[in-house]
Amino acid sequence: MKIYKTLLAAALLLASSCTATADAETLPSPQTTGGMPLMEAIKARKSQRDIDPRATVSKQDLSNMLWAAWGVTHDGKRTIATAMNRQELEFYVVTATEISKYDAQANTLTTVATGDYRKLAGMQEFAVTAPINIVIVGDGNKTDKAEFMNYAAGAASQDIYLYCAQAGLKTVLRYGCDRAGLAKVMKLGEKEQVLYVQTVGK
């Protein structure tokens, strides 16, 4: 009986790990060379809301901008500085079909909810119909200082702006969203909070 229970537990663990893996989508490797010169990208950076609801953003562009915002560069460090290297952010991607969580180490998106939840991510019509809304979450388990989270979120957002400027994409950072609704759907913990949402499209 003991052997049977051990085998059953192992089978259940294997099944659960397979399910988790099946829900994780590996993104194309981020392109970390080339692109527009930095000074030109800074000059071209701007907020744009006239986003075409019919146009899509490629997986390659999504991978590139997520890496620019929160990718791993060297010695486990991120593309942006965080206070005392606490790395207190998390990134979620909201599309017309699902919400997924970005894992920078694995370069994957793992589905946390299926369905169209763009109304939670945007109070304005252009955000509700945009192909991509990136939700920036602060993890209070890593810092209890709101100013640290907001600094990091601003730095990450600026990297998305610069990537979009050089890639010919449109983007705008927004504060307005249904924070409670997003937190519930994304299953955030008590110390995790939605900071901002960045809308991306063409």
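Here is a friendly back-and-forth about a predicted protein model and the terms used to describe it.

Me: What should I know before I start?

Reply: This is a predicted model, where local features need pLDDT of at least 70, side-chain atom pairs count only at pLDDT 80 or more, and totals for chains, interfaces and linings use all residues. Residues are numbered from 1 along each chain as its sequence is written, and side-chain values use heavy atoms, with hydrogens and water left out.

Me: How many helices and strands does the protein chain have, and what makes a run a helix or a strand?

Reply: There are seven helices and seven strands. Both are DSSP runs numbered from the N terminus: a helix is H or I with at least four residues, a strand is E with at least two. Read from the N terminus, the order is α-β-α-α-β-β-β-α-α-β-α-β-α-β.

Me: Why is Glu90 called buried?

Reply: Buried means under 20% relative accessible area, exposed means over 50%, and partly exposed is in between (1.4 Å probe, protein chains only). Glu90 has a relative accessible area of 13%, so Glu90 is buried. Across the protein chain, 43% of the 202 residues count as buried.

Me: What makes the contact of Glu90 and Lys101 a salt bridge?

Reply: A salt bridge needs a side-chain nitrogen of Lys or Arg within 4 Å of a carboxyl oxygen of Asp or Glu. The side chains of Glu90 and Lys101 meet at 3.7 Å, N to O, so the pair fits that rule. Glu90 is in strand S2 and Lys101 in strand S3 (residues 98–103), so this bridge ties together parts that are eleven residues apart in sequence. Lys101 is partly exposed, because its relative accessible area is 29%. Lys101 also has Ala24 at 9.0 Å in space, C-alpha to C-alpha, although the two are 77 residues apart in sequence.

Me: How many salt bridges are there by this rule?

Reply: The count comes to five. One of them joins the side chains of Glu25 and Lys59 at 3.4 Å, N to O. That pair links distant parts of the chain, with Glu25 in strand S1 (residues 24–26) and Lys59 in helix H3, 34 residues apart. Glu25 has 30% relative accessibility, so Glu25 counts as partly exposed; Lys59, with 41%, is partly exposed too.

Me: How do you know that Asp116 and Arg118 form a salt bridge, and is each one buried or partly exposed?

Reply: Their side chains meet at 2.9 Å, N to O, and the cut-off is met, so the name applies. Asp116 is partly exposed, because its relative accessible area is 44%. Arg118 has 12% relative accessibility, so Arg118 counts as buried.

Me: Why is the space in the protein called a pocket?

Reply: On a 1 Å grid over the protein atoms alone, a cavity is a set of points where a 1.4 Å probe fits but cannot get out, while a pocket is an open set with protein on both sides within 12 Å along at least five of seven lines. Rolling a probe the size of a water molecule over the atoms shows where empty space is left. The largest pocket holds about 430 Å³ of space, where a volume is the space filled by probe spheres set on points joined across faces, edges and corners.

Me: What makes a residue part of the lining of the largest pocket, and which lie nearest its centre?

Reply: A lining residue has an atom within 4 Å of a point. The largest pocket is lined by 16 residues, and Gly34, Trp67, Ala68, Tyr163 and Gln166 lie nearest its centre. Helices H2 (38–44), H3 (59–70) and H6 (146–167) each supply at least two lining residues, and H6 gives the most, with four.

Me: How is the lining divided into nonpolar, polar and charged residues?

Reply: Ala, Val, Leu, Ile, Met, Phe, Trp, Tyr, Cys and Pro count as nonpolar, Asp, Glu, Lys and Arg as charged, and the others, Gly among them, as polar. The lining divides into seven nonpolar, eight polar and one charged.

Me: What makes Asp75 and Met84 exposed?

Reply: Asp75 counts as exposed because its relative accessibility is 72%, and Met84 is exposed because its relative accessible area is 62%. Asp75 lies in the loop between H3 and strand S2 (89–94), and Met84 is found in the loop between H3 and S2. Asp75 has a positive phi of about 50° although it is not a glycine, and Met84 has one of about 55°, again without being a glycine.
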